[in-house]
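User: Please take one part of this structure and examine it closely. I am new to it, so please work outwards from that part to its surroundings and explain each term as it arises.

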Amino acid sequence: MEMKVLVACETSGTVREAFEWAGHDAWSCDLLPADTPTNKHLQGDVREVIGWDDWDMLVVAHPPCTRLCNSGARWLKKPPANRTLKELWDELDEGAALCREMMDADVPLICVENPVMHHHAKKRIWPGDDWEKMSADDGTFVRTTVQPWQFAESKDAEDYQKKRTCLWLKGLPPLVPTNDFDGKDARQDCHNEPPSEMRWKNRSKFHVGLAQAMADQWGGLFQQQMAA
């Protein structure tokens with residue numbers, strides 16, 4: 001009753017390994033190589049990899065969000081010195097198109113993860129006059145939000161962090177928090193990350209507790225349905 005899972009846009013292996021530990025056949029995929037040696041990482045365009053097998057679940061863990069999220073919207077008006085407005089808007093179009101293609105993939109269970117999006121991204125992913133309403137529930141995907149601290153084992157854990165994360169879910173129930181913390185004293189490492197060449201990677205880090213909740217709750221549901 002193992003599930004065949006494709007974790008798109010991931011090099012860390014965090015989500016892939018969580019599903020592997022839960023007993024599923026999980027693979028990660030990205031244009032970049034895996035951060036650590038593994039034979040379960042497919043280096044290439046996920047839009048092509050989707051057609052290589054009959055996947056039960058597609059977890060789009062980290063589609064490029066720099067141009068889609070609220071925190072980066074300011075650059076669409078005034079780009080940094082080494083970039084042009086056209087380059088940034090082209091990247092926005094590419095990122096939105098990738099999200100839409102992943103949502104349209106012929107896979108029964110899909111989770112798309114991204115930070116809170118600005119309206120330019122929503123209008124591209126859900127074109128039409130009802131883009132705001134559709135971005136919350138378009139009849140196929142329902143938007144839910146989670147925080148890493150909701151899935152931390154303790155307040156001393158690395159993932160006791162504040163980072164509002166949106167999950168657009170197809171065929172999957174919302175995740176249930178695994179602790180009873182209120183998160184008021186959770187850290188904000190993502191927002192306090194200092195400038196560096198690795199800032200983008202550190203800020204996009206996916207936390208272990210959240211990945212484990214995905215594997216346990218969604219993987220467990222799949223196994224229950226198969227057993228029934």
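**A loop residue and the sheet around it**

Analyst: Glutamine 147 sits in the loop that links E6 to E7; here E stands for a strand and H for a helix, both DSSP runs numbered from the N terminus, with at least two residues for a strand (E) and at least four for a helix (H or I). The model is a predicted one, in which local features need pLDDT of at least 70 and side-chain atom pairs count only at pLDDT 80 or more, while totals for chains, interfaces and linings use all residues. Residues are numbered from 1 along each chain as its sequence is written, and side-chain values use heavy atoms, with hydrogens and water left out.

The side chain of glutamine 147 comes to 3.3 Å from the backbone nitrogen of arginine 164. This is a polar contact, a pair of N or O atoms within 3.5 Å of which, within protein, one must be able to donate a hydrogen and the other to accept it; residues adjacent in sequence count only if both atoms are side-chain atoms. Leaving aside residues up to four places away in sequence, glutamine 147 touches Gln161, Lys162, Lys163 and Arg164, where contact means heavy atoms within 4.5 Å.

The two strands joined by this loop, E6 and E7, pair in the antiparallel sense over five bridges; strands count as paired if DSSP finds at least two bridges between them. One bridge sets arginine 143 opposite tryptophan 168 in E7. In general, the strands of a sheet pair through backbone hydrogen bonds, either parallel or antiparallel.

E6 and E7 belong to an open sheet of seven strands, ordered E3-E2-E1-E4-E5-E7-E6, with mixed pairing. Strand E3 (41-43) and strand E6 (142-146) are at the edges and have a single partner strand each, so one side of each lacks a neighbour in the sheet. From one strand to the next, the twist averages 20°; angles run from 0 to 180 degrees between N-to-C directions, and axes are lines fitted to C-alpha atoms, for helices over the stretch in contact. Helix H1 (residues 14-21) packs on the sheet, where it touches strand E1 (4-8), strand E2 (25-30), E3 and E4, and its direction makes about 170° with that of E2.

Within H1, Thr14, Val15, Arg16, Ala18 and Phe19 are buried, that is, under 20% relative accessible area, whereas exposed means over 50% and partly exposed lies in between (1.4 Å probe, protein chains only). These buried residues of H1 pack against E1, E2, E3, E4 and helix H7 (208-227). After H1 comes glycine 23, with a positive phi near 95°.

Further into the sheet, E1 and E4 run parallel and are joined by four bridges, with valine 60 in E4 as the bridge partner of alanine 8. E4 also pairs with E5 in the parallel sense, over four bridges, and leucine 58 stands opposite isoleucine 110 in E5. Met57 and Val59 point one way from E4 while Leu58 and Val60 point the other way, and all are buried.

Helix H3 (residues 85-103) also meets these strands. Its 19 residues should span 27 Å at 1.5 Å a residue, and its end C-alpha atoms are indeed 27 Å apart; the expected span is 1.5 Å times one less than the number of residues. Leu88, Leu92, Gly95, Ala96, Leu98, Cys99, Met102 and Met103 of H3 are buried. They lie on the same side of H3, because they cover an arc of only 155° around the axis, the arc being that of the directions from the helix axis to the C-beta atoms. Lys86 and Glu94, on the other side of H3, are exposed. The cover over the buried residues of H3 includes helix H2 (46-49), strand E4 (57-60), strand E5 (109-114), helix H4 (119-125) and strand E7 (165-170).

Glycine 95, in H3, is buried with a relative accessible area of 8%. Its C-alpha is 8.4 Å from that of alanine 121, although the two are 26 residues apart in sequence. Histidine 119 belongs to H4 and, at 37% relative accessibility, counts as partly exposed.

Taken as a whole, the chain holds seven helices and seven strands. Of its 228 residues, 46% count as buried. Among its contacts between residues at least 6 apart in sequence, 65% join residues at least 24 apart.
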